[in-house]
2 protein chains.
Amino acid sequence: MSAVHGPRRRPTLDTVARAVGVSRATVSNAYNRPDQLSAPLRERILAVAEQLGYPGPDPVARSLATRRCAAVAFVLGTPLSTAFSDPALATALDGLASTVDGHEHSLVLVPGAGDGGPRPEAVARAQADVVVLYSLADGVPAVRAAVHRRLPLLVIDQPALPSAARVEIDDEGGAAVAAEHLLGLGHRRIAVLAVPFCPDHAEGPADAGRGATARHRVSRDRLAGYLRALGAAGLDPTAPAVWEAPSSAREAGRRGGRWLLGLDPRPTAVLCMSDELALGAVQAARDLGLSVPADVSVVGFDDTHAAAVGDPPLTTVHQPLVEKGRRAGEIALGLLAGAPPGPPVRLPTHLIVRASTAPPP
Amino acid sequence: MSAVHGPRRRPTLDTVARAVGVSRATVSNAYNRPDQLSAPLRERILAVAEQLGYPGPDPVARSLATRRCAAVAFVLGTPLSTAFSDPALATALDGLASTVDGHEHSLVLVPGAGDGGPRPEAVARAQADVVVLYSLADGVPAVRAAVHRRLPLLVIDQPALPSAARVEIDDEGGAAVAAEHLLGLGHRRIAVLAVPFCPDHAEGPADAGRGATARHRVSRDRLAGYLRALGAAGLDPTAPAVWEAPSSAREAGRRGGRWLLGLDPRPTAVLCMSDELALGAVQAARDLGLSVPADVSVVGFDDTHAAAVGDPPLTTVHQPLVEKGRRAGEIALGLLAGAPPGPPVRLPTHLIVRASTAPPP
DNA sequence: TTGTAGGCGTTATCAC
DNA sequence: GTGATAACGCCTACAA
């Protein structure tokens, strides 16, 4: 009698077909190829489906049959919320989103929190047709998991991966120019406020070894750029104090800034690996009663919107964030369409001098 | 002979099972339940899989079998990139992301561009276990498509939907308070700069009818709040000039501001339905050689970060964006776990007076 | 225009 | 600890 009152389990294509008295294929066509059947029949099918409470073709089953998800996966190396709160990341995603939009694809954000980067299971399970890895640390399990999937793959700001497309920034060059700017102003006691070197959430002073063996290409290269410039100016490349922040967030920068500016002798300038860190360092200076740039110069990295409107406006290294995302999006879409990975795209950086740097006091 | 040189098609669980000489179930267990088989056998299976180039269990097939996607879909009413560039939306998403993170779920962003809101097909095909609708216009196809799926459903800033959970803001109350603030300062010629009333990308002056029949609950309620306060103060509620912007972006606000401030007689104050619009209006005032708030007062809505640091800092209606997202995330996670929708969550707004408002000149 | 048959790659449930 | 077998729900030639 339960059969009379309608099925207890949710209806499927087959339920509808049976009720109408046609085959599954015809019901499928009613949804996906209206031109393959007569209008009246289609009407009837849809009506019965509606009345049966059939929710329409199951997207997962459809994907299984078509081998298509209509989605691009974006794997973060940081918590999910940073996609919306970290200015540099959000801006790059903005660029990527603007190219993915209008192509009938969704954007799947795969969270990256955790001590060893994103959980490899999360990467293995993401339902997408192409995967984009964003600035993951070298050798984390998630990278292996991504390669393993044999899906079209694109990495952003990471070392080359066999058969993966790549978009990246000239981090070392940009960092070197930032350091040269300070040297040119006469600074000699220069400290470094770094984004994470490894995916282990460490926070505190970092020695030279830690920086050199860093597993995040971005922080490794930026540090190398700073030190190269300092070395070229005759300074001891092991001399600068380096604070490793646990993220690129402003509060983290403030803590690091307080430590660096509390050193004796106090640095006259701080090279920061992100604008948010730099803005935090400016806060720290203020906390200590120091003025920027009169008492201490601060240089950022990224050239986010906040850097330009900061107080003082930040001298920083510009990287084309929107273009980075846009190019990544175009390449991802290309891979989706069967295009080969192509040569890596390397985007330039340049220094923007604003008001947070001046000669040392 | 092609069989000798290895299969041309990509290997599956079955390929591996056959090669090892075990059943599919055992291979599946090797991946998903290591404790269900002996370690040596598992090793052997994994080794053969590796050698065969088996990418691991297919996530889509797994989802089909388990009826789980491990993802929450977030359906936007605006282009994908606004998720990262619109401050109010990004902040709400930040809150949602922070609660979803750590729960082994991905976040699927479903783009919402298009004249009639998000494409219903995109909503129908999103692979997720729960869907969140964000501020979609009443009656757009995407809403029907979402309801149709019979998945746990949550709407944010939209009218009630049968059996859907709901989180929303007291838009009308907030708007009324904003208007009352201006009235209290002595303003009588007050204009309105509105976010879209309908999903049709219209831009230009809007008459009373358009506002009253708006299909976006948010803009409808905010307008109603403004007009209620003006009416209560004895002003003609049909009098205020209203400009409908095609989005809540700053540039759109600037265009609308220029039109409103070019009217004769010029309004002495502008009520803006978003902070970005308000910031655009401030720009417009500047374009026309007017000073804010000396010549014209501007009130925003949302209380985004940019409002606080603007020049001048914006008087605006605060809405708890992060909490809105967080609550939505908690509810979505709850629905996922089988919890009932529960009563709608209505979050309060309040006025923040800063420096963009003053008595009329 | 409609139906048939085979396939998509897993997981789950039981036996053994 | 391991293996059959049956779902899971749909798509798509191809035949009628």
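**Exercise 1.** Determine the strand order of the open sheet in chain B, and state which strands stand at its edges.

*Solution.* In this predicted model, local features need pLDDT of at least 70, side-chain atom pairs count only at pLDDT 80 or more, and totals for chains, interfaces and linings use all residues. Residues are numbered from 1 along each chain as its sequence is written. Begin with the strands, which are DSSP runs (E, at least two residues) numbered from the N terminus, as are helices (H or I, at least four); two strands pair if DSSP finds at least two bridges between them. Seven strands of chain B then follow the order 7-8-6-9-10-11-13, with mixed pairing. Strand 7 (204-205) and strand 13 (350-352) each have a single partner strand, so one side of each is left without a neighbour in the sheet. Within the sheet, strand 6 (residues 190-194) and strand 8 (residues 242-244) of chain B pair in the parallel sense over three bridges, and B:Leu193 has B:Trp243 of strand 8 as its bridge partner.

**Exercise 2.** Establish how chain B is related to chain A.

*Solution.* Superpose the copies by least squares on the C-alpha atoms of residues with pLDDT of at least 70 in both. Chain B falls on chain A with RMSD 0.1 Å after a rotation of 180° and a shift of 0.1 Å along the axis; that is the relation of a two-fold axis. Next, locate the residue of chain B that comes closest to this axis: B:Val108, whose C-alpha lies at 2.2 Å. Finally, consider the interface, with contact meaning heavy atoms within 4.5 Å: 100% of the interface residues of chain B are also interface residues in chain A, so the copies meet through the same surface.

Methods
Chains lettered and ligands numbered in written order. Heavy atoms only, no water.
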